[in-house]
Amino acid sequence: MRLDYLTIFPDYLAPLSLSLPGKAVAKGLIELHVHDLRSWAHDRHRTVDDTPYGGGAGMVMKPEPWGEALDEVLGAGGPDQAPATVVFTTPSGEPMTQALARELAGRERLVFACGRYEGIDQRVLDHARTLAEVREVSLGDYVLNGGEVAALAITEAVVRLLPGFMGNAASLVEESHEDGLLEYPVYTKPASWRGHDVPPVLLGGNHGAIAAWRHDQAVRRTAERRPDLLHASAAVSGEWAAVPAVRGDAAELLTLQLACWVGEALVNGDLTLPPLQEGLDDVTASLSSWDTYVVRSAGRLVGSVRGRLDGRTWEIGRLMVAPDLRGRGLGRHLLEHAERVAAPEATAYRLFTGAASTANLRRYKRAGYSVREVLDGPSGPAVLTKPRRG
Ligand SMILES: C[S@@+](CC[C@H](N)C(=O)[O-])C[C@H]1O[C@@H](n2cnc3c(N)ncnc32)[C@H](O)[C@@H]1O
């Protein structure tokens, strides 16, 4: 792989010859060329910036030096050269990710264009697109003074993925982001240090248990620190916390309700089921007349249930679990929660389900409910009750 860098601070890129990229050069895996952009500026002061059209603070990098530099560097390999990808480092680019590092590691030539001041005249990028593939890449949602640090970081992420670069290729596979998760915590000897012990599972030699522990730790870490990386279905840990719903939950409750009751409507052949008829105002209003609880996973509202007193009976309703998370015990957990929080004067629980909802009926019977009656309606519904014990 050939890597070129266009910058007004070539010295800033000195670390390229250190550490791992330096080793990759020594191994013949990469070729590095750092260019001073000012060598394509022809006035006495070797000017590379000018005031912005339209006004505003700061200076903009002029197109002429960049245009000449790109023409020359992109043509440097002669007519048979491999096609290049030009990476413009910019805070308004696509985020740098492990997936992008993998993609760039597959290229034969990368040219890094390091901006300074308020950035580079847009026509430079438009021109570059006529010559090569262009990627605008951001290191993160913050602003650096120049693109050199970004170019160094991108280089390091890319070069360590080149075949033959890492001594132990397996160490690449297990890292953060490779499987969409952050890495689990790692430990080395001694087993006990300053009162902190290595988790016993890592000392036991049971590889299945170690793999399960590591996966669990990776999921927990990701859910805690980067819930945006995790689909809620992967974050399921079995540790559900049902908390009282607030008005801000209403929109998600409505969405979940619609997702859950479409299936009920189909099974019972009844599209007039109340949960499908309600709007946001109805759900918001219900929060005042029912004790509603919600469970969130990785930030997403994935389950809910509500209860209220009717005479001496605690009526439980709208027991719902996100369709992709069923079969993991969340429904049972919500039902038990709804029973636990029943008003003290309640002597029995009551809930309703469609007469044709066989899976629900089975579940409720398993939880100790029995069908009292089937009401007269398109879907039944069946009324189930259970005496309160203890
Ligand atoms: C001061 S910044 C210019 C910021 C620009 N005015 C803006 O708001 O998008 C100067 C140069 O630093 C580099 N830079 C700054 N933040 C960056 C980031 N998060 N990722 C990649 N490059 C960055 C870019 O090359 C940019 O042209």
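## The β11-β12 pair

Strands β11 and β12 run antiparallel to each other and are joined by seven bridges. The model described here is predicted. Two residues separate β11 from β12 in a hairpin, and Ala298 in its turn has a positive phi of about 50°. Within the pairing, Tyr293 has Val305 of β12 as its bridge partner.

How much of β11 is buried? Five of the seven residues of β11 are buried, which leaves the strand mostly covered.

## The seven-stranded sheet

β11 and β12 belong to an open sheet of seven strands with mixed pairing, in the order β10-β11-β12-β13-β14-β16-β15. Its edge strands, each paired on one side only, are β10 (242-244) and β15 (370-374). From one strand to the next, the twist averages 30°.

At one edge, β10 pairs with β11 (residues 291-297) in the antiparallel sense, over three bridges. There Pro244 stands opposite Tyr293 of β11. Tyr293 also has a bridge partner in β12, namely Val305.

## Helices packed on this sheet

Two helices that pack on the sheet are described here. Helix α11 (residues 330-340) touches β10, β11, β12, β13 and β14 (348-353). The direction of helix α11 makes about 30° with that of β12. Helix α8 (residues 250-268) packs on the sheet by touching β12 (300-310) and β13 (313-321), and the direction of α8 makes about 90° with that of β12.

## Gly329

Gly329 is found in the loop between β13 and α11. Is Gly329 buried, exposed or partly exposed? Gly329 counts as partly exposed because 14 C-beta neighbours lie inside 10 Å. For comparison along the chain, Gly317 is 12 residues from Gly329, and 18 Å separate their C-alpha atoms.

## The five-stranded sheet

A further open sheet consists of five strands with parallel pairing, ordered β2-β1-β6-β5-β7. Why do β2 and β7 each have one side without a neighbour in the sheet? β2 (31-36) and β7 (133-138) stand at the edges and have a single partner strand each, so one side of each is left without a neighbour. The twist in this sheet averages 25° from one strand to the next.

Inside the order, β5 and β6 (residues 109-114) run parallel and are joined by six bridges. One of the residue pairs is Val86 with Val111, the latter in β6. Helix α2 (residues 63-74) lies across β1 (2-7), β2, β5 and β6. Relative to β1, helix α2 runs at about 165°.

## Surroundings of the ligand

The ligand is surrounded by 19 residues. Thr89, Gly115, Leu144, Gly147 and Ala150 are the closest. Which strand gives the largest share of this shell? Strand β5 (residues 84-95) does, with four residues.

Sorted by class, the shell holds 10 polar, seven nonpolar and two charged residues.

## Domains

The protein chain is divided into domain 1 (2-172), domain 2 (192-230) and domain 3 (242-387). The centres of domain 1 and domain 2, taken over C-alpha atoms, are separated by 38 Å.

Methods. Residues are numbered from 1 along each chain as its sequence is written. This is a predicted model: local features need pLDDT of at least 70, side-chain atom pairs count only at pLDDT 80 or more; totals for chains, interfaces and linings use all residues. A residue is near a molecule or strand if its C-beta atom, placed from the backbone, lies within 6 Å of it. Ala, Val, Leu, Ile, Met, Phe, Trp, Tyr, Cys and Pro count as nonpolar, Asp, Glu, Lys and Arg as charged, and the others, Gly among them, as polar. Two strands pair if DSSP finds at least two bridges between them. Axes are lines fitted to C-alpha atoms, for helices over the stretch in contact, and angles run from 0 to 180 degrees between N-to-C directions. Two residues are in contact if their C-beta atoms, placed from the backbone, lie within 7 Å. Domain bounds come from an automatic or database domain assignment. A residue is buried if 20 or more other C-beta atoms lie within 10 Å of its own, exposed if 12 or fewer, and partly exposed in between; C-beta atoms are placed from the backbone.
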